[in-house]
Amino acid sequence: MKKSATLLLGIAILCAACQSNNTFFKDTLCIKNITIIDPEDGAKKSQTVLIKDGKILQITPSKELVLSSKNTVVDGTGKYLIPGLWDAHVHFAYIEEMAPVMFDLFLAYGITSVRDTGGEIDFVKQWKDKAQADPLNAPRVMIAGPLLDGMPNVYDGSDIGHPPLSVGLKTVDDVVRKIEELDAQGVDLLKAYEMLTPEQFSKVAALGKVKGLKVTGHVPLSMDVISASNAGLNSMEHLRNLELSCAFNADELLAQRKKLLALGKDDTGAILRTRIHQTQRPDAINNFDETQANKVLQVLAKNQTWQIPTLALNTGFVKKPFAKPGWDADFQYFPGVIGQQWATEIANVQQAEMTEFRIQQNDYMLDMVSRIHEAGIPIMAGTDTPIFYLTPGRSLHEELAVLVEAGLSPSEALKTATTNPALYFELEDELGRIKENYWADLLILDANPLENINNTLRINAVIKQGHYMERNTIFDRLNTLEE
């Protein structure tokens, strides 16, 4: 009797499964026979992914689901599905004329989310607003608003290389007022900068915690890395000023910086910062101390002070990614004469003499990222585009490649641009993975990125919140903008 009941139950389950097969899924995008690569769970072959209302509805082994011919089906045979990528360090306001083409350039390269790390609030907020108004055709945009700097402030608009991305704040009260304004205007994080005093920086960190806003930035020149991390710096950009705290003479360098800051108070922020960097960086790298560095990294790990190394930028003078064949292919989409200017300037950079310090700095950056990774400090992939000829979109793939060169596996590098940014913004339950009920921000590749990280460039199609876009259609939109 018991065996008969079990048999009947099994037949009932099988019949129910048969009834669900050949089903027409209304208003659903079906991707069949694809290998999905979830950053946490790894690769699963021959899967069918159903997408509806912008989210992943169902993931099923393809052999268990026979789709009706009436479905909207994408054949994923021989292809790979990964989460949409983040560029966690961009600047819409650095070259304002380029901003209108950045959305489509990001999407064409599978960048479905970006984190803008500094620009005049009204300018950058318009791009956040545009993204929210048309989420199927634009990357998700998180903004910091202007760099919160002391006086003199660095990005004050005094020259073409330092457009007005920052606000100069004289007092702690100025810091409070500005953060209240930015919070009311809807920023997603705060960006602290290098000329802040320790008192101003501490107030930025404290208010960020109260308001639930992550505080990222550069370690102020008036502080050391340990003090900044302990005060509440949630993340560091570019490893900026880390080397100054990892030298055996770190205390001496800090005392010297404070004197240089006082002596240069009447200079522009850009000139003063450059003077300090040129004075101290070679000294610090030449005096790198393993014990001191481990002490610093232990604090960063304990505090989970995230790192956005921007390695493609930091190694750019040596590696020259912009000199690679095909790098200039996207210049045709840049407005006005920007593409032509970049091509001319790149030719000049290629002819410039390679200094010993550039090589030392390149090696230091790669080594430090390896140490950071081994120490368990979380990393996000970011580029600083469009600074230093780093094309929006394409440069993120260069960043992933250099992260692998620094010691991360391809899988670990993918996490820096998928699951890690989602975790940073506390979106880990809805973004950054290939799971049911997650947003369908996805990228279809023609080759396996776990075998070669450069295969992230082998893009077949991009899906933004369920909206399927063949890559060529995105470039067609850029051609329309160009006209």
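User: Which helix gives the largest share of the lining of the largest pocket?

Analyst: Happy to start there. Keep in mind that this is a predicted model. The general idea is simple: rolling a probe the size of a water molecule over the atoms shows where empty space is left. Here, helix H9 (269-286) supplies the largest share of the lining of the largest pocket, 6 residues.

User: What is the volume of the largest pocket, and how many residues line it?

Analyst: Its volume is about 1500 Å³, and 47 residues line it. Nearest its centre you will find Tyr-94, Tyr-155, Gly-161, His-162 and Ile-387. Besides H9, the elements giving two or more residues to the lining are H11, helix H12 (316-319), helix H13 (338-351) and helix H14 (356-374).

User: How do the lining residues of the largest pocket divide into nonpolar, polar and charged?

Analyst: There are 23 nonpolar, 14 polar and 10 charged residues in that lining.

User: Let's turn to the core. Which residues of the largest nonpolar core touch the most other members?

Analyst: As background, in soluble globular proteins, nonpolar side chains tend to be buried together. In this model the largest nonpolar core has 121 residues, and Phe-92, Leu-190, Val-204 and Leu-242 touch the most other members. Helix H2 (residues 99-108) gives the most to this core, with 8 residues. There is also a second, separate core of 15 residues, with Ile-34, Ile-56, Val-74 and Ala-440 among them.

User: If I click on Val-204, which residues is it in contact with, leaving aside neighbours within four places in sequence?

Analyst: You should find Leu-148, Val-175, Ile-179, Leu-190, Ala-192, Leu-196 and Val-215 in contact with Val-204.

User: Why is H2 described as largely enclosed by the rest of the structure?

Analyst: Count its buried residues, using under 20% relative accessible area as the cut-off. H2 is largely enclosed because 9 of its 10 residues are buried. The buried set runs through Ala-99, Val-101, Met-102, Phe-103, Asp-104, Leu-105, Phe-106, Leu-107 and Ala-108. Just after H2, Gly-110 takes a positive phi of about 80 degrees.

User: Which residues other than glycine have a positive phi?

Analyst: The general rule first: most residues other than glycine have a negative phi, and most peptide bonds are trans. Two residues to look at here are His-238, with phi near 65 degrees, and Thr-310, with phi near 40 degrees. His-238 sits in the loop between strand E13 (235-237) and helix H7 (242-245), and Thr-310 in the loop between strand E14 (306-308) and H11.

User: Are His-238 and Thr-310 buried or exposed?

Analyst: His-238 is buried, with a relative accessible area of 3%. Thr-310 is buried too, at 0%.

User: And where are the cis peptide bonds?

Analyst: One joins Met-151 and Pro-152, with omega about -5 degrees. Look for Pro-152 in the loop between strand E9 (147-149) and strand E10 (166-168). Another runs from Thr-385 to Pro-386, with omega near 5 degrees, and Pro-386 lies in the loop between H14 and helix H15 (394-405).

User: What surrounds Asn-314 in this model?

Analyst: Asn-314 belongs to helix H11 (residues 311-314). Leaving aside neighbours within four places in sequence, Asn-314 is in contact with His-238, Pro-309 and Met-365. A polar atom of the Asn-314 side chain lies 2.8 Å from the backbone oxygen of Pro-309. Asn-314 counts as buried because its relative accessible area, 16%, falls under the 20% cut-off.

User: Could we compare two more residues? Which of Met-368 and Glu-199 is buried, and which is exposed?

Analyst: Met-368, in helix H14, counts as buried at 0% relative accessibility. Leaving aside neighbours within four places in sequence, Met-368 is in contact with Leu-239, Leu-242, Cys-246, Phe-288 and Leu-297. Glu-199, in helix H5 (residues 198-211), counts as exposed at 52%.

User: How far apart are the C-alpha atoms of Glu-199 and Val-172, and those of Met-368 and Gly-157?

Analyst: Glu-199 and Val-172 are 27 residues apart along the chain, and their C-alpha atoms are separated by 6.9 Å. Met-368 and Gly-157 are 211 residues apart along the chain, with 32 Å between their C-alpha atoms.

Conventions: Residues numbered from 1 in each chain as written. Predicted model: local features only at pLDDT ≥ 70, side-chain atom pairs only at ≥ 80, totals over all residues. Heavy atoms only, no water. Core = buried A, V, L, I, M, F, W, Y, C linked by side-chain atoms within 4.5 Å. Buried < 20%, exposed > 50% of the residue type's maximum accessible area, 1.4 Å probe, protein only. Helix = DSSP H or I, 4+ residues; strand = E, 2+ residues; numbered from the N terminus. Contact = heavy atoms within 4.5 Å. Polar contact = N/O pair within 3.5 Å; in protein donor to acceptor, adjacent residues only side chain to side chain. 1 Å grid on protein atoms, 1.4 Å probe; cavity = no way out; pocket = protein on both sides within 12 Å on 5 of 7 lines; lining within 4 Å. Points joined across faces, edges and corners; volume = space filled by probe spheres on them. Nonpolar A, V, L, I, M, F, W, Y, C, P; charged D, E, K, R; others polar.
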